[in-house]
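Here are a few exercises to work through with the model open beside you. Try each task before reading its solution.

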Amino acid sequence: MSRATIERFYAAFAQLDGQAMQACYAANARFDDEAFSLQGREAVGGMWRMLCDVTQAKGRDVWRLEVSDITDTSAHWEAHYRFSATGRLVHNRIDAAFTFDADGLILTHRDRFDFWAWSRQALGAPGLLLGWSGFLRQKVRAQAAKNLAAYRAKKG
């Protein structure tokens, strides 16, 4: 059941369907990666809906998702997209780990990726020079939280 949830989640992501992605999470789900730390299906789903909406509006032409090595608790995925804040092309490589509730919904989801590699692509020179630093990581997290709060206030 958990593998089917992972497959359903990434199939929805490939189609940029944030609503369907949100439906894969338990009400008390937790999500963590280099940019976000979120609690609850509404917050996690809001993040995915925001990312999908931005990609549809500003980068559908280059969007591509590749998913491999799906197990009952993990997957590897690679996203090719245009980072909306800079317009720069990104190829991010992510390893995801999941736990599930009794209904097969995602309870915890942890994405791990090389922040410095991502920041060099997404931000250019600032990422190259500061991507290794906690300073830039905190700045990215703060901006991501601000963007998500604004999106959720507007979209609900």
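**Exercise 1: Backbone outliers**

Asp-69 sits in the loop that joins strand 3 (64-68) to strand 4 (74-82). Keep in mind that this is a predicted model.

Task: What is the phi of Asp-69, and is Asp-69 buried or exposed?

Solution: Start with the backbone: phi of Asp-69 is near 55 degrees, a positive value in a residue other than glycine. Next, take the accessibility: Asp-69 has 58% relative accessibility and counts as exposed, because the cut-off for that class is over 50%.

Task: Where is Leu-16 found, and is Leu-16 buried or exposed?

Solution: Leu-16 belongs to the loop between helix 1 (2-14) and helix 2 (18-22). Leu-16, also not a glycine, has a positive phi of about 55 degrees. Its relative accessible area is 4%, so Leu-16 is buried.

**Exercise 2: Following the rings**

Task: How many aromatic pairs does the structure hold, and how do the planes of Phe-9 and Phe-13 lie?

Solution: The count is 15 aromatic pairs. For Phe-9 and Phe-13, the ring centres are 6.5 Å apart and the planes meet at 50 degrees, so this pair is tilted. Both residues lie in helix 1, four residues apart, about one turn of the helix.

Now move on to Trp-48: its ring centre is 5.0 Å from that of Phe-13, with planes at 65 degrees, so the pair is edge-to-face. Trp-48 lies in helix 3 (residues 41-58) and Phe-13 in helix 1, so the pair ties together parts 35 residues apart in sequence. Both Phe-13 and Trp-48 are buried.

Terms used:
Residues numbered from 1 in each chain as written. Predicted model: local features only at pLDDT ≥ 70, side-chain atom pairs only at ≥ 80, totals over all residues. Heavy atoms only, no water. Helix = DSSP H or I, 4+ residues; strand = E, 2+ residues; numbered from the N terminus. Buried < 20%, exposed > 50% of the residue type's maximum accessible area, 1.4 Å probe, protein only. Phe/Tyr/Trp six-rings, centres within 6.5 Å; stacked < 30°, edge-to-face > 60°.
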